[in-house]
Each structure stands twice: as structure tokens, then as C-alpha cells.
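Let's take a friendly walk through the charged pairs and a surface patch of the model shown here.

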Amino acid sequence: MGINIVTFYRTARIGMVGAAVLGLAYPLTASAQSSAPTQSRTPIPVLTDADRKAANFDSAGHAVHDTSINYQFVFDELEWQDAKEGSALNWDFTGWIGGDIDRLWLRSEGERTNGKLEDAEVQALWGHSITPWWDLVGGIRHDFKPGASQNWAAFGLQGLALYNFESEITGFVGDSGQTALRLKGEYDILITNRLILQPMAEVNFYGKNDPGRDVGAGLANSEVGLRLRYEIRREFAPYIGVTWNRSYGNTADFVRADGGNRSETRFLVGVRMWF
């Protein structure tokens, strides 16, 4: 059988073109392989003895941090209020010193109206953590005003309820057999990372009448507040706000007898700071 001359010519031509293409491609491939990087653009640092030491774990366990002593002091409220009786300086202070489990808690709140101290107290409480979010507390409270000074035994529970609602439930037993219960709570609503709206409420109950301090048995008084602060720094935040104060039952009668008001709305400006 004979060979078609045209077919042979076409096959030979295609073979020559392919060989030429391969001949050009091979030098390019070899050049690319020879210029390929042999190490990372960001070289891995050489392993040192310090790195090996940091990676080793003590077979007996590692050191815990709950035995260190830390502290924090917070003026949650330090403000001027526009009261009916005149200008009032109000404060609410909380601080603690200790570790993760046991701490000494310090609390103080009060009011000074027209340069005269109207209400002031300080508490020193030992707190023991019973869960990651709640502490049992117990200690003493001393009232400077109103009336004659008075000491109380204090005990209670404090911590974070659902949705980070800060809560305090504290009971008191006084020198003369007087008993009291205080419920307090506040919550931070983040409008932005630095602009924060803080609603708060405080309610006080007493076991018996104490006319010398304008206190009646049962539900005595309440305070509801709303404060809008701007954290220039986390440790320093000026704010504005408003509070609604109200007395109830026999307490309201004692307040009216002294020429006071059963309920009052106050506008305020202040600063929150901690260190």
C-alpha cells in the first residue's frame, strides 16, 4: 500500500512546529524553576532556648492568679442636683480590695444640701464569691445622718443578674432592734461604645417607725434615675440625668411634718470615674 505524499507532508510539518514550541517552552520553564523563592517572604525566626522554656508545662500544674491582690474604686455617682430645697451634692461610691474569691467591699452614699450634710453612710463588707457572678457579703454599716449616728450589721447578696443587670440585696439590723432592707439595681444600655444610658432604681424598707430619722415602717422611699454619660476615657465619664424620689406611708407623713415634699423630680449633672 502506498503512502499519501500530502498526508506525509502535513504530518511532518505539524511535528516540526510542535518541536519548535517545546524547544521554546523548556528554557522558560527551567528559568522559572531556577528563580523560584527558596524561603518565605517573612522568614520564620530561629527557635531559641527561651521559646522552648516558655512552651514547657510544669507537670505539677501552672501558677494560678486568684491569689494576687487587686483593687478598684468607682464613683458611680458624683453629681450636682437641682433640689427644691436648693443645690445638692450627691455621691455613690463603691470599691473593693482582694482576689477573685474573697474581697473587702467599701460602699458609701449620701447627700449634702446647701452646704449641710443631710444623709451619709459608709459600709465595710467582706465578700465571698459563690458563683462566677454572685457574692455573699457581710459586715457593718454606719450612718452619720440623718439623726444621731447609728450602727448596723449588714448582710446580703450582690452580683450580675440576667443581661448584666447589676443588683444588690442587703439586709440590716440596727442598734435598737431596727431592721431594714435595701434593693438596688442598675443597667448599662450602650447607644455607642462610649455613649451609655444608665437606668437605676433603689427601694428601702424598714421594720418599725423611727421618727428621729423620718423613717416609717414598711416601704419607706424609692429613687428612680436615668443618666446619660459619655466616656471620654473609660475611667472618666461626665453625664447628665434626672431622678424621681418618693416617700411612702408613715415615712411620707414624717417628711411632710418636717416641711418636706413627698415626691420630687431633680435634674442633675455629674461625673463617673474609677481608678
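Does Arg 233 count as buried or exposed? At 54% relative accessibility, Arg 233 counts as exposed, where exposed means over 50% relative accessible area, buried under 20% and partly exposed in between (1.4 Å probe, protein chains only). Its salt-bridge partner is Glu 235, which counts as partly exposed at 30%.

This is a predicted model, in which local features need pLDDT of at least 70 and side-chain atom pairs count only at pLDDT 80 or more, while totals for chains, interfaces and linings use all residues. Residues are numbered from 1 along each chain as its sequence is written, and side-chain values use heavy atoms, leaving out hydrogens and water.

The structure holds 20 salt bridges, each a side-chain nitrogen of Lys or Arg within 4 Å of a carboxyl oxygen of Asp or Glu. Three of them are listed here:

| Acid | Base | N to O distance |
|---|---|---|
| Glu 111 | Arg 266 | 3.1 Å |
| Glu 121 | Arg 182 | 2.9 Å |
| Glu 235 | Arg 233 | 3.6 Å |

The pair of Glu 121 and Arg 182 links strand 4 (residues 116–129) to strand 8 (residues 179–186), 61 residues apart; strands are DSSP runs (E, at least two residues), numbered from the N terminus. Glu 121 is buried at 6%, and Arg 182 is buried at 7%. Both also belong to a network of salt bridges whose members include Asp 92, Arg 141 and Lys 184.

Both Glu 111 and Arg 266 are buried as well.

Terms used
Helix = DSSP H or I, 4+ residues; strand = E, 2+ residues; numbered from the N terminus.
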